[in-house]
Amino acid sequence: MPIARIDLIHGKPPEYRAAVADIVYRGIVDVLKSPDGDRFVVVGEHTADNLI
């Protein structure tokens, strides 16, 4: 069961965060052949000065 960590600049709308998580998850299933349904995605938000 792979886990994906996604770090974004603070303030992105929930729909944007969900879309990014969906795309990453689809890649995990399609490319890494992880079982569909094993979804472990963590989205963290940071201020612009903390995301270099």
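In this predicted model, Asp30 and Arg26 lie 4 residues apart in helix H1, which means that about one helical turn separates them. The two side chains form a salt bridge, with the closest N and O atoms 3.4 Å apart. Asp30 is partly exposed, because its relative accessibility is 42%, and Arg26 is likewise in the partly exposed class, at 36%. Side chains of opposite charge can pair when their charged atoms come close.

This pair belongs to a set of 4 salt bridges found in a search of the whole structure. Another joins Asp22 and Arg39, at 2.8 Å from N to O. Since Asp22 sits in helix H1 and Arg39 in the loop between H1 and E2, this pair ties together parts that are 17 residues apart in sequence. The relative accessibility of Asp22 is 40%, so this residue counts as partly exposed; Arg39, with a relative accessible area of 36%, is also partly exposed. A further salt bridge links Asp7 to Arg5, where the closest N and O atoms are 3.0 Å apart. Here Asp7 is partly exposed at 30% relative accessibility, whereas Arg5 reaches 66% and therefore counts as exposed.

Turning to the fold, strand E1 covers residues 4–9 and strand E2 covers residues 41–46. The two strands run parallel and are joined by 6 bridges. One of the bridge pairs can be named directly: Ala4 is partnered in E2 by Val41. Helix H1, spanning residues 14–32, combines with E1 and E2 in a β-α-β unit that is right-handed.

A useful place to look at the pairing of the strands is Gly44, a residue of strand E2. With a relative accessibility of 19%, Gly44 counts as buried, because the cut-off for that class is under 20%. Apart from neighbours within four places in sequence, the contacts of Gly44 are Ile6, Asp7 and Leu8. In the case of Leu8, the C-alpha atom is 6.2 Å from that of Gly44, although 36 residues separate the two along the chain. Asp7 thus appears both in the contacts of Gly44 and in the salt bridge with Arg5.

The loop between H1 and E2 offers a contrast between two residues. Lys33 is located in this loop and has a phi angle near 60 degrees, a positive value in a residue other than glycine. Lys33 is exposed, since its relative accessibility is 65%. Ser34 lies in the loop between H1 and E2 too, but its relative accessible area is 8%, so Ser34 is buried. When neighbours within four places in sequence are left aside, Ser34 is in contact with Pro2, Ile28 and Val29. Of these partners, Ile28 and Val29 fall within the residue range of helix H1. Arg39, the salt-bridge partner of Asp22, is placed in this loop as well.

Aromatic rings were examined last. A pair of aromatic rings is described by the distance of the centres and the angle of the planes. The count of such pairs in this model comes to 0. A ring does take part in another kind of arrangement, however: the charged end of Lys12 sits over the ring of Tyr16, at 4.9 Å from the ring centre.

How values were computed
Residues numbered from 1 in each chain as written. Predicted model: local features only at pLDDT ≥ 70, side-chain atom pairs only at ≥ 80, totals over all residues. Heavy atoms only, no water. Pairing = 2+ DSSP bridges. Right-handed = clockwise from strand over helix to strand, strands pointing away. Phe/Tyr/Trp six-rings, centres within 6.5 Å; stacked < 30°, edge-to-face > 60°. Lys NZ or Arg CZ within 6 Å of the ring centre and 35° of its normal. Buried < 20%, exposed > 50% of the residue type's maximum accessible area, 1.4 Å probe, protein only. Contact = heavy atoms within 4.5 Å.
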